[in-house]
Amino acid sequence: MITIIAEFFVVILKVLWAFVTAGAKWVVRPKEKSVAGQVCVITGAGSGLGRLFAKEFARRRAILVLWDINSQSNEETAEMVRQIYHELDAPMTKDGPIGGVEEVPPFQPQVYTYACDVGKRESVYSTAEKVRREVGNVDILINNAGVVSGHHLLECPDELIERTMVVNCHAHFWTTKAFLPKMLELNHGHIVTVASSLGLFSTAGVEDYCASKFGAIGFHESLSHELKASEKEGINMTLVCPYLVDTGMFKGCRIRKEIEPFLPPLKPEFCVKQAMRAILTDQPMICTPRIVYMVNFMKSILPFEAIVCMYRFLGADKCMYPFLAQRKEAMNNNEAKNGI
């Protein structure tokens with residue numbers, strides 16, 4: 001009994017110390033780690049946040065491995081990365097043996113592209129094997145690929161629901177199973193889950209998307225605990241949960257017009273820069289903007305009816321309806337064109 005009481009007080013001290021260290025990081029910004037020369041796999045690299053992640057890692061001289069189902073857009077991202085490498089490719093100098101200046105050839109990072117449908121397990125495993133054979137061990141895995149069906153639940157074909165769940169959630173299992181074993185062997189690596197605020201709290205009309213993001217977050221948190229239980233301190237995990245990002249994925253989504261100036265859609269560049277800061281300082285989780293933390297906390301303690309009242313006040317209860325209406329109209333127009 002005395003042992004349990006003693007351990008309990010030790011736990012309290014550790015919890016308080018965790019608060020202190022977390023608060024200190026608000027005052028003293030942690031130093032960013034170097035990723036130069038490290039192999040970084042990014043899924044969904046052909047557009048949106050994936051393309052921006054690729055450019056940010058390229059500026060830090062990482063070796064990029066870009067995955068996307070669209071080969072053309074993936075190659076376009078690769079070309080942007082090569083341009084960044086070229087701009088960084090300035091000769092460096094060092095003191096020569098007799099006081100002279102000797103030119104040192106700069107490190108030459110490379111970019112590799114692979115057409116991969118992360119929604120197909122076999123495609124993930126075969127592509128991962130190619131990466132290990134052609135590039136080497138993976139140091140950083142960015143699980144970024146995502147899709148949205150854009151239908152109300154009762155109007156959504158089962159195939160699209162399954163596709164959303166597979167790409168947004170199940171694919172994280174497969175990519176992690178492909179690359180985690182070597183990370184565990186070396187006790188070195190970093191896995192990033194690009195989720196969404198809709199994986200922390202939901203809204204109407206996007207049941208499949210919310211479920212997939214809740215699943216991705218659950219997977220990420222469980223894996224984080226497993227790594228801690230295994231005492232693999234050299235493998236880091238970062239969960240990225242942004243608010244609505246202006247990538248066009250949810251085009252038309254609107255909250256109450258009086259509130260919208262205070263909560264506008266996030267600029268993709270800002271979202272990725274915030275995520276990069278979290279990744280490079282080994283931050284476990286980043287929510288953008290910070291009010292997402294507060295909303296998630298309030299959801300945990302408030303009665304459901306209170307949450308409904310807040311949603312209605314903010315216009316968040318039906319914020320996806322304009323987006324869904326636009327997607328339905330676009331689909332009807334396409335069907336009309338194909339029928340002509």
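**Entry 1: cysteines**

I started with disulfides, and the count came to zero. I should jot down that this is a predicted model. A disulfide is a covalent bond between the sulfur atoms of two cysteines, so I went looking for how far apart the sulfurs sit here.

What is the closest cysteine sulfur to that of cysteine 40? I found it in cysteine 116, 15 Å away, which is too far for a bond. The cut-off I need for this is 2.5 Å between the sulfur atoms. I also checked whether cysteine 40 is buried or exposed. Cysteine 40 is buried, because its relative accessible area is 0% and buried means under 20%.

Next I looked up cysteine 309. Its closest cysteine sulfur belongs to cysteine 319, and at 17 Å that is too far for a bond as well.

**Entry 2: aromatic pairs**

How many aromatic pairs does the structure hold? I noted four. I took the ring of tryptophan 67 and the ring of phenylalanine 179 to begin with: their centres are 5.9 Å apart and their planes stand at 55 degrees, so I wrote the pair down as tilted. The angle is neither under 30 degrees, as stacked would need, nor over 60, as edge-to-face would need.

Where do the two residues sit in the chain? Tryptophan 67 is in strand β2, residues 63-68, and phenylalanine 179 is in helix α5, residues 158-186. They are 112 residues apart, so I have this down as a pair that links distant parts of the chain. Both tryptophan 67 and phenylalanine 179 are buried.

Then I turned to phenylalanine 173 and phenylalanine 219, an aromatic pair that is also tilted, with 4.3 Å from centre to centre and 35 degrees between the planes. This pair links distant parts of the chain too: phenylalanine 173 belongs to helix α5 and phenylalanine 219 to helix α6, residues 207-229, with their positions 46 residues apart.

Are these two buried or exposed? Phenylalanine 173 has a relative accessible area of 37%, so I list it as partly exposed. Phenylalanine 219 has 13%, so that one goes down as buried.

I also found one aromatic cluster formed by Tyr209, Phe250 and Phe323.

**Entry 3: cavity**

Last, I looked for cavities of 30 Å³ or more and found one. The largest cavity has a volume of about 30 Å³.

Which residues line the largest cavity? I wrote down Asn137, Val138, Asp139, Lys182, Met183, Leu186 and His188. I sorted this lining into three nonpolar, two polar and two charged residues.

Definitions and conventions
Residues numbered from 1 in each chain as written. Predicted model: local features only at pLDDT ≥ 70, side-chain atom pairs only at ≥ 80, totals over all residues. Heavy atoms only, no water. Phe/Tyr/Trp six-rings, centres within 6.5 Å; stacked < 30°, edge-to-face > 60°. Helix = DSSP H or I, 4+ residues; strand = E, 2+ residues; numbered from the N terminus. Buried < 20%, exposed > 50% of the residue type's maximum accessible area, 1.4 Å probe, protein only. 1 Å grid on protein atoms, 1.4 Å probe; cavity = no way out; pocket = protein on both sides within 12 Å on 5 of 7 lines; lining within 4 Å. Points joined across faces, edges and corners; volume = space filled by probe spheres on them. Nonpolar A, V, L, I, M, F, W, Y, C, P; charged D, E, K, R; others polar.
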